[in-house]
Amino acid sequence: MRWNCLRALGEISDQRALPVLVKALLDTDHSVVWMAAKGLVRFRRAGLVPLLRLLITNETHPWLVEAATYVMREMYLRDPKLKSYLEPVIHSMHGPAVRVGTPLAAQKALAQLTADGVVAA
């Protein structure tokens with residue numbers, strides 16, 4: 001039921017849905033996490049700041065790694081300019097020090113994206 005709600009929010013693509021979709025990436029139900037990730041991709045660059053902030057402030061767990069990797073890869077496949085910013089975050093999420101490296105890589109990516117004017121913080 002909840003994943004259906006997230007699917008609808010993603011399809012509507014209203015900015016007010018962003019916080020709900022991002023928070024759902026922390027859900028304990030994998031189908032909810034996955035549907036939130038799919039919906040978040042539709043927001044493109046607008047979804048990057050909340051996603052990166054989530055990675056900075058929350059403990060990384062396997063479903064979050066899977067979902068965030070999917071979102072960031074889809075974003076840079078659709079917008080190649082994002083690849084150089086997001087690839088280091090993805091690599092850190094799949095590295096040996098995921099819990100320490102991910103928040104640092106996400107913070108660095110967010111700072112670079114903001115400084116280069118790619119996103120507004």
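**Notebook: contacts, core and a ring pair**

I started with Leu55 and looked up what this residue touches: Leu64, Ala68, Met72, Val89, Met93, Thr102, Pro103 and Ala106, leaving out residues up to four places away in sequence. Note to self: this is a predicted model.

Next I checked the nonpolar core. The largest one has 42 residues. Leu55 turned up again here, listed with Leu25, Leu52 and Met72 as the residues with the most contacts inside the core. Then I asked myself which elements give two or more residues to this core. They are helices H2 (18-24), H3, H4 (48-57), H5, H6 (83-93) and H7 (98-115). H5 supplies the largest share, 8 residues.

After that I went for aromatic pairs and found 1 in the structure. The rings of Trp34 and Tyr70 have centres 4.7 Å apart and planes at 45 degrees; that falls between the stacked and edge-to-face ranges, so I wrote the pair down as tilted. Trp34 sits in helix H3 and Tyr70 in helix H5 (residues 62-78), so the pair ties together parts that are 36 residues apart in sequence. Are these two buried or exposed? Trp34 is partly exposed, at 27% relative accessible area, and Tyr70 is partly exposed too, at 21%.

Last stop was H1 (residues 2-12) against H3 (residues 30-41). Their axes come within 8 Å and cross at roughly 5 degrees. Angles under 35 degrees count as roughly parallel, so I put H1 down as roughly parallel to H3. On the H1 side, Arg2, Trp3, Leu6, Arg7 and Gly10 make the contact; on the H3 side, Ser31, Val32, Met35, Ala36 and Gly39 do. Sorted by class, I get 5 nonpolar, 3 polar and 2 charged residues.

How values were computed
Residues are numbered from 1 along each chain as its sequence is written. This is a predicted model: local features need pLDDT of at least 70, side-chain atom pairs count only at pLDDT 80 or more; totals for chains, interfaces and linings use all residues. Side-chain values use heavy atoms; hydrogens and water are left out. Axes are lines fitted to C-alpha atoms, for helices over the stretch in contact, and angles run from 0 to 180 degrees between N-to-C directions. Helices (H or I, at least four residues) and strands (E, at least two) are DSSP runs, numbered from the N terminus. Angles under 35 degrees count as roughly parallel, over 145 as roughly antiparallel, 65 to 115 as roughly perpendicular and the rest as oblique. Contact means heavy atoms within 4.5 Å. Ala, Val, Leu, Ile, Met, Phe, Trp, Tyr, Cys and Pro count as nonpolar, Asp, Glu, Lys and Arg as charged, and the others, Gly among them, as polar. Rings of Phe, Tyr and Trp (its six-membered ring) pair if their centres lie within 6.5 Å; planes under 30 degrees apart count as stacked, over 60 as edge-to-face and the rest as tilted. Buried means under 20% relative accessible area, exposed over 50%, partly exposed in between (1.4 Å probe, protein chains only). A nonpolar core is a set of buried Ala, Val, Leu, Ile, Met, Phe, Trp, Tyr and Cys residues joined through side-chain atoms within 4.5 Å.
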